[in-house]
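Open the model in your viewer and keep the selection panel at hand. The stops below go from open pockets to enclosed cavities, then to the cores and a few single residues.

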Amino acid sequence: MTAAVETTGLGARYGRHWAVRDCTLSLPRGGIVALVGPNGAGKTTLLHLAAGLLRPSTGSIRVLGEKPYYSSGLMTRVGFVAQGAPLYSDFTADELLVMGSKLNRGFEQASAREQLRRLDIPLHWRVGSLPGGQRVQVALTLALGKRPELLLLDEPAAGLDLLARREFLRTLMGSTAEQGATIVLSSHLIEDLDRVCDWLVIMSAGQVQVLGSVEELKARHKVLIGPVVIGSAHQKKIIGVAQVVRASHTDRQSTLLVRTDGVVHDPSWMVQDVSLQDLVLAYLADPAEGLLPGPIGHRSDNGVQGVHV
């Protein structure tokens, strides 16, 4: 089976500025992929490339096995909700559903309308007058109404309150279970992603820094708390540690977030599980400090890039 999104040496620039450069990745089909990174990492540009809104400056990108900027038919299989969930504010929700059915063959207008009713979103209100959470739900419902194989979401939950985010994420999980779609979700809300995402992609400076399953990444990273150690030589003394991703020190102890290649049995170190938020923050440490590791990943036999094991 072809990957949902696959890039090779992908680059995109605006004038002299490279937003994405030498980006190579392969995302499997099915499940929810979290796309995270600091502002300016290239996340939005990558999604625009996948949606066919931009053409690469260098390299290539394939979506569901096709080049998105050459295949108009591919867009019937892809849904996209841009940052801010832009909609025609003067249209009512019902009018937007009618428009969706006119523009997309196979659009499930009846089920989309029922979804909005279930969310208590008034169909006769102009969407510009709806609260932010409801506008996002309308945009998501429109995108899901075409039953896409791939759904691209750029910071869709930004600015939503806790209850609105929970309802939004519940809708996403329901759609993956019902439709089997692949969802690529760009977000800074790491705690929310930890609950719903199957795969994690960390971008930095236009390149992929980490790619792998959330479950495996969390299993292969640990937090070690123990004696004060300074410098990189100490990691060779800890059996089971492949790489120290980030270290912090006090007068009494050192705290290391490490990538493991075995079980850490050293009794001088207390071993703790790592949260997704700690993992992401560690890999996005200030590169000026010399703490940003190289990319984690390899291309496996099935063409899907994953973490080293």
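What volume does the second largest pocket have? It comes to about 300 Å³. Bear in mind throughout that this is a predicted model.

**Stop 1: the second largest pocket**

Select Ser 111, Gln 115, Leu 144, Glu 178 and Gln 179. Of the 15 residues that line the second largest pocket, these lie nearest its centre. Now colour α3 (109–118), α4 and α5, the elements that give two or more residues to this lining. The largest share, six residues, comes from α5. By class, the lining of the second largest pocket has two nonpolar, eight polar and five charged residues.

**Stop 2: the largest pocket**

Next select Phe 80, Met 99, Asn 104, Leu 142 and Ala 143. They lie nearest the centre of the largest pocket, which has 24 lining residues. The volume of the largest pocket is about 700 Å³. Show β5 (78–81), α2 (93–103) and α4 (132–145) as ribbons: each of them supplies at least two residues of the lining. How does the lining of the largest pocket divide by class? There are 19 nonpolar residues, four polar and one charged.

**Stop 3: the largest cavity**

Leave the pockets for the enclosed spaces. The count is two cavities of 30 Å³ or more, and the largest has a volume of about 80 Å³. Select its lining: Val 5, Leu 25, Leu 27, Val 33, Leu 35, Leu 46, Leu 47, Ala 50, Leu 152, Val 184 and Val 201. The elements giving two or more residues to this lining are β2 (17–27), β3 (31–36) and α1 (43–50). Which element gives the most? α1 does, with three residues. By class, the lining of the largest cavity has 11 nonpolar, no polar and no charged residues.

**Stop 4: helix α1**

Stay with α1 and select the whole helix. Is α1 largely enclosed or largely open? Six of its eight residues are buried, so α1 is largely enclosed by the rest of the structure. The buried residues are Lys 43, Thr 45, Leu 46, Leu 47, Leu 49 and Ala 50. Just past the helix, click on Gly 52, which follows α1 and has a positive phi, near 80 degrees.

**Stop 5: the second largest cavity**

Select Ala 157, Arg 165, Phe 168, Leu 169, Leu 185, Ser 187, Leu 189, Asp 192 and Leu 193, the residues that line the second largest cavity. Two elements, α5 (162–179) and α6 (190–196), give two or more residues to this lining. The largest share comes from α5, with three residues. The volume of the second largest cavity is about 50 Å³. Its lining has six nonpolar, one polar and two charged residues, whereas that of the largest cavity has no polar and no charged residues.

**Stop 6: the nonpolar cores**

Which residues have the most contacts inside the largest nonpolar core? They are Leu 153, Leu 172 and Leu 200, in a core of 39 residues. Centre the view on Leu 153 and show what surrounds it. Leaving aside neighbours within four places in sequence, Leu 153 is in contact with Leu 47, Val 81, Leu 140, Phe 168, Leu 172, Ile 183, Val 184, Leu 185 and Ser 186. There is also a second, separate core of 29 residues, which includes Val 5, Val 63, Leu 150 and Val 184. Val 5 and Val 184 were already selected at Stop 3, among the residues that line the largest cavity.

**Stop 7: two cysteines**

Select Cys 23 and then Cys 197. Cys 23 counts as buried because its relative accessibility is 0%. Cys 197 is buried as well, with a relative accessible area of 8%. How many disulfides does the model have? The count comes to zero.

**Stop 8: Thr 260**

Finish at Thr 260, in strand β12 (residues 254–260). Is Thr 260 buried or exposed? Its relative accessibility is 5%, so Thr 260 counts as buried, the cut-off being under 20%. Show the residues around it: apart from neighbours within four places in sequence, Thr 260 is in contact with Ala 219, Arg 220, Lys 222, Gly 240, Val 241 and Ala 242.

Terms used:
Residues are numbered from 1 along each chain as its sequence is written. This is a predicted model: local features need pLDDT of at least 70, side-chain atom pairs count only at pLDDT 80 or more; totals for chains, interfaces and linings use all residues. Side-chain values use heavy atoms; hydrogens and water are left out. On a 1 Å grid over the protein atoms alone, a cavity is a set of points where a 1.4 Å probe fits but cannot get out, and a pocket is an open set with protein on both sides within 12 Å along at least five of seven lines; lining residues have an atom within 4 Å of a point. Grid points are joined across faces, edges and corners, and a volume is the space filled by probe spheres set on the points. Helices (H or I, at least four residues) and strands (E, at least two) are DSSP runs, numbered from the N terminus. Ala, Val, Leu, Ile, Met, Phe, Trp, Tyr, Cys and Pro count as nonpolar, Asp, Glu, Lys and Arg as charged, and the others, Gly among them, as polar. A disulfide is a pair of cysteine sulfur atoms within 2.5 Å. Buried means under 20% relative accessible area, exposed over 50%, partly exposed in between (1.4 Å probe, protein chains only). A nonpolar core is a set of buried Ala, Val, Leu, Ile, Met, Phe, Trp, Tyr and Cys residues joined through side-chain atoms within 4.5 Å. Contact means heavy atoms within 4.5 Å.
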